[in-house]
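This briefing is intended for a reader who is new to the structure shown below. Please keep the sequence and the model in view while reading.

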Amino acid sequence: MNILRFFKKTFFPCVENNYFPLFLKEKFLNLYLILLLILKIFTIPLIFSISKTVFFADIHKPTLINFLNFERKIRGLPPLSENPLLNQSAYLKAKDILEKDYFSHFSPEGISPWYWFKLTGYEYQFAGENLAIGFLDSKEVHEAWMSSPSHRQNILNPNYKEIGIAVLKGEFNGSEVYVVVQHFGSPKVVLAEDKEKFTQNQTSIPISTPTETNIKIQPSTSTEGTTSIGNTSTFALTEKEQISPFQKITFNLVKFLALRYTSILNVIIYFTLAILIFSLSLTIFCDIFIYRKFVIDYKELIPRWVSFCLILILFLYLDQSKLIQIIPHKLIIHGF
């Protein structure tokens, strides 16, 4: 009963609160606003500090593929299916980038992107490549690619039928980052006897790699011909690391703070806005049509209510994606 009475006095006009909910009183609103402000300000050092660690990376292969296929769908293009050989070629390219500390479609030795396709046995009619390094989440990567004509051309190329993506952690120019490689392809049609011969001669390349993400950019296209036999098996990229229970708990906590904290805070702000609108509307309605007390100073209440709502809307606008944009991280885009 005490809890119900508290909620009644806080959010509903009644005799106990002199027909004016506590939630709408200036002192209560100011304290509540200060609390939200502190929680919102906490996201700034949180993002700045965590963004310097691999924990903050929120770049996922499935998310990138979903973004890509959505762009193709709204333009009437067929979706790209994931191919394990392209996953493998993308991983080998990412591994080579980190081992030799370069960021280009061509390696320091002049090895082209198409070398990795052929190394895994992917025979293609059309092929392309997008690269990225230095970003903080999947959306940021995708938007950067879509803003670059050459990368966008790869994503929306009607000639491509399949895709493979690798996300690999390593050191680049003295900093620990995630490299993302996106390989596009359209398999070349082969005769039955050539397919049987290729299958007999094909050798698999053992691979081990991490999942998840951070990033820089570039694409490339080719119409060189050779052949591919695609299959529908899943190519899992995993990295086995020995971690203690404490490290696991720490990792999960940091990951939650980095990736879920702002979302939860935004839900609280949305809920607050809804309660504000409901409580004010109910109070005005009761004051005018039910109690007929006319005790509310509307000249003071309405401006305060509007100001509070505008501040909450500003908090919502400054979400994680906006804060990410102000974080100083190197972004490079160039097409090939």
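The points below concern nonpolar cores, one helix and its surroundings, and salt bridges.

The model is predicted. Its largest nonpolar core holds 22 residues, and a second, separate core holds 21. The count of salt bridges comes to 6.

**Nonpolar cores**

- Within the largest nonpolar core, the residues that touch the most other members are Leu24, Leu276 and Leu312.
- Two or more residues of this core come from each of helix H2 (26–50), helix H10 (261–290) and helix H11 (298–317).
- Leucine 276 has contacts with Phe23, Leu24, Leu29, Trp305, Phe308, Cys309 and Leu312, leaving aside residues up to four places away in sequence.
- The second core is separate from the largest one, and among its 21 residues are Leu64, Leu77, Val141 and Ile155.

**Helix H3: length and faces**

- The 13 residues of H3 should span 18 Å at 1.5 Å a residue, and this agrees with the model because the end C-alpha atoms of H3 are 18 Å apart.
- The buried residues of H3 include Lys61, Leu64, Ile65 and Leu68. Asn69, Glu71 and Arg72 are also buried in this helix.
- Viewed down the helix axis, the buried residues of H3 fall within an arc of 155°, so they line one face of the helix.
- A general property of helices is relevant here: an α-helix has 3.6 residues a turn, so residues three or four places apart point the same way.
- Pro62, Asn66, Phe70 and Lys73 are exposed on the other side of H3.

**Surroundings of helix H3**

- Among the helices that cover the buried residues of H3 are H4 (84–100), H6 (138–147) and H7 (149–155).
- The cover also includes strand S1 (81–82), strand S3 (162–172) and strand S4 (175–187).
- Threonine 63 lies in H3, which comprises residues 61–73. With a relative accessibility of 27%, threonine 63 counts as partly exposed, because the partly exposed class runs from 20% to 50%.
- Threonine 63 and serine 138 are 75 residues apart along the chain, yet their C-alpha atoms are separated by 6.6 Å.

**Salt bridges**

- Arginine 75 and glutamate 71 form a salt bridge through their side chains, with an N to O distance of 2.7 Å. Glutamate 71 is buried because its relative accessible area, 14%, is under 20%. Arginine 75, at 36% relative accessibility, counts as partly exposed.
- A salt bridge also joins glutamate 99 and lysine 95, whose closest N and O atoms are 2.6 Å apart. Both residues lie in helix H4, where they are 4 residues apart, about one turn of the helix. Glutamate 99 is exposed because its relative accessible area, 53%, is over 50%. Lysine 95 counts as partly exposed at 31% relative accessibility.
- Glutamate 109 forms a salt bridge with lysine 100, and the closest N and O atoms of this pair are 3.3 Å apart. Glutamate 109 counts as exposed at 52% relative accessibility, whereas lysine 100 counts as partly exposed at 33%.
- Asp96, Lys100 and Glu109 are joined into one network by salt bridges that share partners.

Conventions: Residues are numbered from 1 along each chain as its sequence is written. This is a predicted model: local features need pLDDT of at least 70, side-chain atom pairs count only at pLDDT 80 or more; totals for chains, interfaces and linings use all residues. Side-chain values use heavy atoms; hydrogens and water are left out. A nonpolar core is a set of buried Ala, Val, Leu, Ile, Met, Phe, Trp, Tyr and Cys residues joined through side-chain atoms within 4.5 Å. Buried means under 20% relative accessible area, exposed over 50%, partly exposed in between (1.4 Å probe, protein chains only). Contact means heavy atoms within 4.5 Å. The expected span of a helix is 1.5 Å times one less than its number of residues. The arc is that of the directions from the helix axis to the C-beta atoms. A salt bridge is a side-chain nitrogen of Lys or Arg within 4 Å of a carboxyl oxygen of Asp or Glu.
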